[in-house]
Protein chains: 2
Amino acid sequence: MPVGLSGLPELLPVSGVRWGVAEAAIKRPGRNDVALMEIAPDSSAAAVYTRNAFCAAPVSVAKRHGAAQATRYLLINSGNANAGTGAPGLQAALDSCRAVAELGHCQPEAVLPFSTGVIGEPLPLERIRRALPQALAGLSEQGWEAAARAIMTTDIVPKGISKQLVLNGKRVTITGIAKGSGMIRPDMATMLAYLATDAGVAQALLQQTLRQAADRSFNSITVDGDTSTNDACVLVATGQAGVTFASETDAGFAEFDAAVTQVCQALAQAIVRDGEGATKFITIDVQGGRDTAECRQVAYAVAHSPLVKTAFFASDPNWGRILAAVGRAGLDGLDVDKVTLHLGDVCIARGGGRAADYTEAAGQAVMREAEITITIALGRGSAEARVWTTDLSYDYVKINAEYRT
Amino acid sequence: MPVGLSGLPELLPVSGVRWGVAEAAIKRPGRNDVALMEIAPDSSAAAVYTRNAFCAAPVSVAKRHGAAQATRYLLINSGNANAGTGAPGLQAALDSCRAVAELGHCQPEAVLPFSTGVIGEPLPLERIRRALPQALAGLSEQGWEAAARAIMTTDIVPKGISKQLVLNGKRVTITGIAKGSGMIRPDMATMLAYLATDAGVAQALLQQTLRQAADRSFNSITVDGDTSTNDACVLVATGQAGVTFASETDAGFAEFDAAVTQVCQALAQAIVRDGEGATKFITIDVQGGRDTAECRQVAYAVAHSPLVKTAFFASDPNWGRILAAVGRAGLDGLDVDKVTLHLGDVCIARGGGRAADYTEAAGQAVMREAEITITIALGRGSAEARVWTTDLSYDYVKINAEYRT
């Protein structure tokens with residue numbers, strides 16, 4: 001079961017955004033697998049996408065159409081990634097936008113398509129097309145939870161969060177949903193996240209806000225090191241709360257910006273907590289590096305080590321595996337005698353070896369927790385980075401060995 | 001069970017090299033866990049070691065002593081890696097050399113120490129010291145198999161091979177043993193391999209021969225992407241066959257050099273075949289790259305992908321995961337439309353998507369085999385690289401979750 005996720009919190013409506021869902025039976029019948037977000041005119045929209053060279057057809061089309069003020073609809077399906085599908089896949093993504101545009105009376109370019117699910121199968125376009133009227137008929141400001149459920153694949157729980165704050169005397173709402181559990185090592189955004197706010201934000205500023213928030217959230221998590229072909233994250237700002245930001249120096253913007261990052265971090269952490277087979281939620285703090293890049297390099301070397309991950313699954317304070325991962329991270333001239341390693345509050349290694357006052361009992365007490373922080377101090381600078389990850393369990397293998405069966 | 005390993009072949013003695021083993025009960029009693037190689041005077045020796053910044057104490061000492069003409073003994077223990085043990089660990093490694101030197105009447109610098117096993121526990125030096133007389137008393141040219149067994153940790157089977165060839169009218173023997181199963185992504189050599197030949201080879205030439213052979217064998221395998229703290233590989237040349245090489249242009253040297261590489265490749269592949277939890281032996285051929293480095297980058301991205309590895313475990317031709325791994329390997333300007341992917345002889349993807357003539361049945365027929373070759377053609381140059389790896393199974397998690405219990 002997901003680590004420390006206790007059900008979906010109340011998702012507050014965002015004025016100017018409506019969601020509708022429908023059952024297209026893309027992978028199997030019996031669930032809603034299409035979600036449609038309708039965006040009010042005069043909103044702005046920003047998006048970030050995967051850097052995987054094999055990006056999926058819908059990612060190519062969404063990039064081509066561009067998240068912009070003109071964007072009217074987001075069309076999302078689960079059960080099929082429409083990735084590795086070549087020219088026919090691209091055509092199917094374009095045609096799906098056209099189908100929404102006809103029903104919604106807008107240009108096809110005002111529709112951004114997103115897909116998630118198995119790679120390499122043709123998208124069942126006709127079934128999606130037939131499901132669209134149902135999704136449109138059901139459009140509602142209350143539709144966030146239904147959308148969060150419709151976009152799930154191997155996710156055990158739906159993921160979403162709302163945040164309200166008062167900015168310049170107006171109540172502003174930010175609501176976001178996300179899906180993702182495996183193939184998680186976002187390099188731009190995560191495996192599908194959708195956020196909206198009723199604040200108004202100028203297009204360029206909105207894009208900058210989203211990029212920075214994604215870097216501090218979705219781009220700092222990993223489950224298995226595999227960057228998805230379909231990663232995408234969209235932030236919509238409708239402006240219907242009566243407060244608008246044109247520049248980052250505007251009063252209240254810093255607070256708004258921080259709130260967007262907090263929502264993104266909550267969603268990103270929810271993806272890790274629901275990581276495939278996860279039994280632990282692990283925070284890796286690397287400090288004392290020469291720059292952020294090398295701190296991230298160390299954090300990811302530890303986060304991706306199957307030996308570290310299986311030790312966490314076993315609640316085994318096998319710190320030698322953590323040191324070995326730090327040592328192979330490829331840092332130039334790393335002086336191991338200056339490296340210090342903490343598990344929670346327990347200093348476990350110092351000066352290249354086990355800390356003199358360390359006891360196995362103290363290490364094990366930390367390891368038995370479901371949420372664990374590793375702190376690695378490199379002792380060669382003042383930069384730092386934080387990455388969130390999971391352990392590696394039998395269930396990870398089971399989920400991924402049986403995925404297509 | 002190891003993939004395609006059918007018992008240890010006959011290991012031929014190498015004149016000038018004797019092995020003795022003993023039980024020091026380092027991790028638990030009931031098996032020989034110390035091996036001692038005695039090298040005849042006037043031999044030469046070469047070694048390559050891990051690049052992990054957290055290299056183990058014995059690696060530091062072996063590098064300091066230096067594999068050279070003066071090298072008389074290799075002392076190897078399993079059950080304890082003497083890594084992450086700080087200054088006391090370094091002293092223990094030095095003291096173990098001193099103990100051998102006293103009994104063997106040589107300088108401590110003529111002894112190279114090696115350890116393999118759990119990281120971070122103090123080396124039980126006294127128990128090793130007490131076991132040395134037994135190892136010395138049992139020294140024998142027939143001792144290769146006993147040594148191959150004594151150095152095992154999570155290995156299921158001992159690993160070794162012999163090769164004989166006639167060079168310049170003399171019969172030359174090369175025999176090698178290795179151990180390794182997890183924490184396998186050698187970056188210099190593997191988790192302990194020892195080779196000897198009765199050919200004579202000048203010191204510098206021997207080092208060059210070993211480095212090139214290691215690059216084409218131990219440095220081209222991965223089980224879990226975790227470079228060990230203790231990797232080491234030693235090649236000894238006793239000269240007792242009556243043929244000596246001083247330069248790479250000497251008659252017969254090219255043949256000798258190729259034979260050393262073949263022995264190293266057989267040992268490296270045996271480590272993969274006995275990789276922790278392995279049920280498949282996978283060869284990844286990357287062709288058509290701009291240079292070898294980018295071909296290796298792609299090969300390792302695929303070889304380390306937990307999603308690819310679990311798909312192999314499930315015998316699932318989930319080629320989308322392979323393409324996704326190629327796409328995230330970080331190649332600048334990769335044109336996915338030029339990438340072609342074969343599973344065995346079956347063309348599975350072409351032009352960024354599934355090959356038109358591909359059938360799931362054909363893909364599954366290949367995947368059901370225990371030995372599978374993936375060929376990835378990048379279509380942007382003429383460089384190539386080959387890497388050998390395993391799948392990721394329930395047993396991998398089991399072995400590593402229970403390692404210290």
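1. A good place to start is one residue pair: A:Ile282 has A:Ile372, in E17(A), as its bridge partner. Please keep in mind as you read on that this is a predicted model.

2. That pair leads to the two strands around it. Strand E13 of chain A covers residues 281-289 and strand E17 of chain A covers residues 371-377; the two run parallel and are joined over seven bridges.

3. Stepping back, E13 and E17 belong to an open sheet of seven strands in chain A, with the order E10-E18-E13-E17-E14-E15-E16 and mixed pairing. At its edges are strand E10 (221-222) and strand E16 (353-354) of chain A, each of which pairs on one side only.

4. Now for the helices on this sheet. Helix H7 of chain A (residues 292-304) lies across E10, E13, E17 and strand E18 (383-390), and runs at about 20° to E18(A). Helix H10 of chain A (residues 360-367) lies across strand E14 (340-343), strand E15 (346-350) and E17, with an angle of about 60° to E14(A).

5. One backbone detail may catch your eye: A:Ser315 is not a glycine, yet its phi is positive, near 55°. A:Ser315 sits in the loop between helix H8 (306-313) and helix H9 (319-327) of chain A. Its relative accessibility is 18%, so A:Ser315 counts as buried, the cut-off being under 20%.

6. Chain B deserves a look at this position too. Phi of B:Ser315 is near 55°, again a positive value in a residue other than glycine. The loop holding B:Ser315 connects helix H8 (306-313) and helix H9 (319-327) of chain B. With a relative accessible area of 19%, B:Ser315 is buried.

How values were computed
Residues numbered from 1 in each chain as written. Chains lettered and ligands numbered in written order. Predicted model: local features only at pLDDT ≥ 70, side-chain atom pairs only at ≥ 80, totals over all residues. Heavy atoms only, no water. Pairing = 2+ DSSP bridges. Helix = DSSP H or I, 4+ residues; strand = E, 2+ residues; numbered from the N terminus. Contact = heavy atoms within 4.5 Å. Axes fitted to C-alpha atoms, helices over the stretch in contact; angles between N-to-C directions. Buried < 20%, exposed > 50% of the residue type's maximum accessible area, 1.4 Å probe, protein only.
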